[in-house]
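Let's take a friendly walk through a protein model together. Keep the sequence and the 3D view open as you read.

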Amino acid sequence: MAMTATAAPGERVARRRNAAFAWTLPALVLILLFFVTPVLGLMLRSVTEPTLGLQNYAELIGTGTYARIFANTFLVAGVVTALSVVIGYPVAWALAVLPRPWGQLVFAIIILSMWTNLLARTYAWMVLLQRTGVINKTLIGLGVIDKPLALVNNLVGVTIGMTYIMLPFVILPLVGVIRAIDPAILRAGALCGANSWQCFTRILLPLSLPGVAAGALMVFVMALGYYVTPALLGGTANMMLAEMVAQFVQSLVNWGMGGAAAFVLLVVTLALYAAQLRFFGTRRIG
Amino acid sequence: MKTLLIATALAAILGAAGSAAAADMVFTSWGGTTQDAQKAAWADSFAAASGIKVVQDGPTDYGKIKAMVEAGNVTWDVVDVEGDYAVQAGKAGLLEKLDFSTIDKSKLDPRFVTDYSVGSFYYSFVIGCNKDAAGTCPKSWKDLFDTAKFPGKRAFYKWSAPGVIEAALLADGVPADKLYPLDLDRAFKKLDTIKADIVWWDGGAASQQLLASGEAPFGSFWNGRLTALAATGVTVETSWDQNITAADALVVPKGTKNKEAAMKFIANATAAKPQAEFAAVTGYAPINLGSPDLMDAAIRKTLPDMQAASQVNADMSYWAEHRDAIGKRWYAWQAK
């Protein structure tokens, strides 16, 4: 930053910050009005409907079914996050090191898939995975299996569908982080006698960890509140939290319970976000 | 009848675009072929006769109705809802009383008339079967619950509503006239026996897809969707044995700004000719007693009201009273 004679550098920065804050004010008011207020309203309902008290939370925690839905939500989110990282990492690495036209092509394919309508993609998986679908028919035709595999309306279907949708959210932050790693460090490691596995585990992986953490957190948090894909590809036996909230709000018109479930989800999400900030700081990512 | 989110998304876009234009009133239903028919048979003729423009919105969402009424900002003037919800919502103060000086209820099937609602159309849950995929078709609810005789997946309606619980009890041998009050313990015990073989459908289009693809070669369906599917060339067999009837209802959310137009719309929608036209297209039965005379005899034969001999009527007032309790138990059982 260039210094001038009229203002001390600290003062200048402070003034700039104030100006920047002023510019964000309309956005903040908008968020407060249209996002925070309804959330607070719903939260309020969770302790006032049908009567004042914590009965909705007691029912939520005390009922085996709801506890199972919570557990299942975390299970699915965890599995999807792990798979997304395992599959996404090599792709991100390839994207970072591929020569330009190829890298751009792969990048375009990933972005394009994100732009395609979520429902269309989910239905496409339904068609592929169902008992009479392309995958089962092909496998039966090839003689690999005799009876169709149950790939949809269960945990398998949800995991496949959601991992596919979540992958870009791991890949994109990772590419940025991996690209920012100076290749000279890897070369230096190799020169000092590290084999490629050691280069990966001792240099590349630790240095790209903030990207992994950012991507994983984003996927985990998004997966926790996911609605469409689990509703379409999962069976009722592995219902997720968002579906339960939708049932309470739309079908049973029980907003007290719906609000309580939504609030628990919100608290968990915020806690995860806080933990990520705590362990990985606010380092710039990507 | 709940449709998928795709309808929600589309309707949100269409709804937003629609309300930007000069809308005289809004009619909300469940989307798909049913709402197309409602628009053609009810709304278009109404607009032509009265000069009141009708904007279509959807799908029906009970959460939204509650939100609108509570916020005092009602943007849906007439809504097509399930019969048991209509009774419950009327009691809960969410609906306007209907104006029976505008709506002539003397010609309407009295089973579906309350202070707050009139029938919209009535339908049956029947046993549908894709003959190409199934080989032999189940003929009764007992058959449909018999996984030894009829192995394979079977499709059932996902949401808590009249239909599936009744079917389970009938399959378990409960006489049709002894269904109510529903023995839920017995029903869920019966449902447990086929739970692993159930594929749930959450809307009409999904049910047709399941049956047509053979994903579920048989199951319980809305009769009109089978008629429509058969018309596309799928070899569908329908068994009307103990078909379980339920009705949709037309209601007006409390606080609508277009109450007068809403009442007139309902008066037209439930009149003999629009009801007859809607029935002819959808395969659902008219709720106006004068409609059958206006209809083609061949079509008449395929409608649920001609299957009265083997018919079981779902008890809407029982459901209205126990809707919440049954719903909670239903979803808890599903999630198990």
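## Starting from one leucine

Leaving out residues up to four places away in sequence, A:Leu232 touches A:Thr122 and A:Met126. Before going on, please keep in mind that this is a predicted model. A:Leu232 itself is part of helix H10 of chain A, which covers residues 228-233. Is A:Leu232 buried or exposed? A residue counts as buried if 20 or more other C-beta atoms lie within 10 Å of its own, and A:Leu232 has 22 of them, so it is buried. You can also look from A:Leu232 to A:Val80: these residues are 152 residues apart along the chain, and their C-alpha atoms are separated by 16 Å.

## A second stop in chain A

Now find A:Ala77, in helix H3 of chain A. A:Ala77 counts as buried because it has 24 C-beta neighbours inside 10 Å. Setting aside residues up to four places away in sequence, A:Ala77 touches A:Phe220, A:Ala223 and A:Leu224. A:Gly103 is 26 residues from A:Ala77 in sequence, while the C-alpha atoms of the two are 29 Å apart in space.

One of the residues just named, A:Ala223, deserves a visit of its own. Apart from neighbours within four places in sequence, A:Ala223 is in contact with A:Val76, A:Ala77, A:Val80, A:Thr81, A:Met162 and A:Met166.

## The nonpolar core

A:Ala223 also appears in a bigger picture. Which residues have the most contacts inside the largest nonpolar core? They are A:Ala223, B:Val251, B:Phe265 and B:Ile266, and the core has 164 residues. Helix H7 of chain A, residues 155-180, gives the most to this core, with 14 residues. In chain B, domain 1 (5-122 + 247-310) and domain 2 (124-246 + 312-335) both give residues to the core, so it lies between them.

## What the UniProt record adds for chain A

An unreviewed UniProt entry lists "transmembrane region" for residues 20-44, 74-98, 105-124, 155-178, 203-228 and 248-275 of chain A. The unreviewed entry also places the feature "domain: ABC transmembrane type-1" at residues 70-276 of chain A. The table shows how some of these spans look in the model.

| Span of chain A | Helix | Strand | Distance between end C-alpha atoms |
|---|---|---|---|
| Residues 155-178 | 100% | 0% | 32 Å |
| Residues 248-275 | 89% | 0% | 30 Å |
| Residues 70-276 | 81% | 0% | 21 Å |

## Where the two chains meet

How many residues of chain A are in contact with chain B? There are 19 of them, and they meet 23 residues of chain B. On the chain A side, helix H3 (64-97) and helix H11 (241-251) each supply at least two residues. H11(A) provides the largest share of that side, 4 residues. By class, the side of chain A that touches chain B has 8 nonpolar, 9 polar and 2 charged residues.

## Two domains in chain B

Chain B is assigned two domains, each made of two stretches of sequence: domain 1 (5-122 + 247-310) and domain 2 (124-246 + 312-335). Taken over C-alpha atoms, the centres of these domains are 25 Å apart. Their contact involves 17 residues from domain 1 of chain B and 20 residues from domain 2 of chain B. Helix H2 (32-50) and helix H4 (83-91) of chain B each give at least two residues to the side of domain 1 that touches domain 2. H4(B) contributes the largest share of that side, 4 residues. The residues on this side of domain 1 of chain B divide into 5 nonpolar, 10 polar and 2 charged.

## How confident is the predictor?

For chain A, the mean pLDDT is 87, and 94% of the residues reach 70 or more. Residues 1-5 of chain A have a pLDDT below 50, and this stretch has 2 contacts in the model beyond near neighbours in sequence.

For chain B, the mean pLDDT is 90, with 93% of the residues at 70 or more. Residues 1-5 of chain B have a pLDDT below 50 and 19 contacts beyond near neighbours in sequence. Residues 7-22 of chain B also have a pLDDT below 50, with 16 such contacts. For the complex, the predictor gives an ipTM of 0.74 and a pTM of 0.79.

How values were computed. Residues are numbered from 1 along each chain as its sequence is written. Chains are lettered from A and ligands numbered from 1 in the order in which they are written. This is a predicted model: local features need pLDDT of at least 70, side-chain atom pairs count only at pLDDT 80 or more; totals for chains, interfaces and linings use all residues. Domain bounds come from an automatic or database domain assignment. Two residues are in contact if their C-beta atoms, placed from the backbone, lie within 7 Å. Ala, Val, Leu, Ile, Met, Phe, Trp, Tyr, Cys and Pro count as nonpolar, Asp, Glu, Lys and Arg as charged, and the others, Gly among them, as polar. pLDDT is the predictor's confidence in each residue, from 0 to 100. UniProt positions are given in the numbering used here, feature names are shortened, and annotations may be inferred rather than shown by experiment. A nonpolar core is a set of buried Ala, Val, Leu, Ile, Met, Phe, Trp, Tyr and Cys residues joined through C-beta atoms within 7 Å. A residue is buried if 20 or more other C-beta atoms lie within 10 Å of its own, exposed if 12 or fewer, and partly exposed in between; C-beta atoms are placed from the backbone.
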